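Reader: Could you take me through one part of this model up close, starting from a single residue and working outwards? I'd like to hear about the aromatic rings along the way.

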Amino acid sequence: MCTNFAPVNSTLLHQPNSTNSSNNSLSETETRRQFIVNITREAWGAYVRHAWGQEALQPLSQNSDKNNRLPANGETIIQSITTLWLMGLQEEYGRARKWIDEEMNITRVKLENIGSLISAYSLTGDEMFKQRAKQVADYLHGQYNATGK
């Protein structure tokens with residue numbers, strides 16, 4: 001796996017020339033798709049190696065974001081789960097799913113991540129995501145009520 005981030009090949013980002021044949025366009029579209037999947041796999045791999053379970057990765061220093069509001073909340077994992085699924089990155093998705101199922105601490109998950117869990121449930125039909133979203137919502141609801149508001 002490459003750990004050096006090279007500039008994006010801009011020719012892959014332009015729309016296919018309308019004069020191309022449909023086979024040529026299909027090939028170019030597939031080339032672009034694979035390029036994006038590979039970049040995602042590379043970025044995910046860097047996160048796994050340098051910041052697994054943390055909120056984020058600082059790409060230049062290759063350190064986890066130690067200045068986050070909630071330590072080890074796995075925000076990148078939670079917010080990336082549907083992207084991994086849609087891109088067909090099965091191994092990466094499996095590892096992220098396992099973390100959410102077995103290691104996610106509901107007391108450290110932010111409110112906005114409930115949407116990511118519900119989206120994952122909607123996309124995959126995996127009940128675990130719905131259960132984890134409910135656990136987070138119930139916890140946050142209890143915290144809100146505990147403040148006397």
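Author: Sure, let's start with L117. Setting aside neighbours within four places in sequence, L117 is in contact with I78, I100, M104, F129, R132, A133 and V136. Keep in mind that this is a predicted model. L117 sits in helix α4, which covers residues 113-124. Its relative accessible area is 0%, so L117 is buried, the cut-off being under 20%.

One of those contacts is worth following: F129. L117 and F129 are 12 residues apart in sequence, and their C-alpha atoms are 5.3 Å apart in space. F129 also counts as buried, because its relative accessibility is 0%.

Now for the rings. The structure holds five aromatic pairs. Take W44 and W52: their ring centres are 6.0 Å apart and their planes stand at 90°, so this pair is edge-to-face. The label follows because planes over 60 degrees apart count as edge-to-face. W44 is buried, at 7% relative accessibility, while W52, at 22%, counts as partly exposed. The 22% of W52 lands in that class because buried means under 20%.

F129 has a ring partner too, and that brings us back to where we started. Y93 and F129 make a tilted aromatic pair, with 6.5 Å from centre to centre and 55° between the planes. Y93 belongs to helix α3 (residues 90-102) and F129 to helix α5 (residues 127-146), so the pair ties together parts that are 36 residues apart in sequence. Y93 is buried, with a relative accessible area of 11%. So F129 is in contact with L117 of helix α4 and pairs with Y93 of helix α3.

Back to the tryptophans for a moment. W44 and W52 join Y47 in one aromatic cluster. W52 also has a charged residue at its ring: R95 lies over the face of W52, 4.5 Å from the ring centre.

As for the wider setting, the chain has five helices and two strands, and its elements run α-β-β-α-α-α-α from the N terminus on. Of the 149 residues in the chain, 32% are buried, with L117 and F129 among them. Looking at contacts with a separation of 6 or more, 53% are between residues 24 or more positions apart. The accessible surface of the chain comes to about 9400 Å², and carbon and sulfur atoms account for 52% of that surface.

Definitions and conventions: Residues are numbered from 1 along each chain as its sequence is written. This is a predicted model: local features need pLDDT of at least 70, side-chain atom pairs count only at pLDDT 80 or more; totals for chains, interfaces and linings use all residues. Side-chain values use heavy atoms; hydrogens and water are left out. Rings of Phe, Tyr and Trp (its six-membered ring) pair if their centres lie within 6.5 Å; planes under 30 degrees apart count as stacked, over 60 as edge-to-face and the rest as tilted. Buried means under 20% relative accessible area, exposed over 50%, partly exposed in between (1.4 Å probe, protein chains only). Helices (H or I, at least four residues) and strands (E, at least two) are DSSP runs, numbered from the N terminus. A charge sits over a ring if NZ of Lys or CZ of Arg is within 6 Å of the ring centre and within 35 degrees of the ring normal. Contact means heavy atoms within 4.5 Å. Accessible areas come from the Shrake-Rupley method with a 1.4 Å probe; for residues, only the protein chains shown count as cover.
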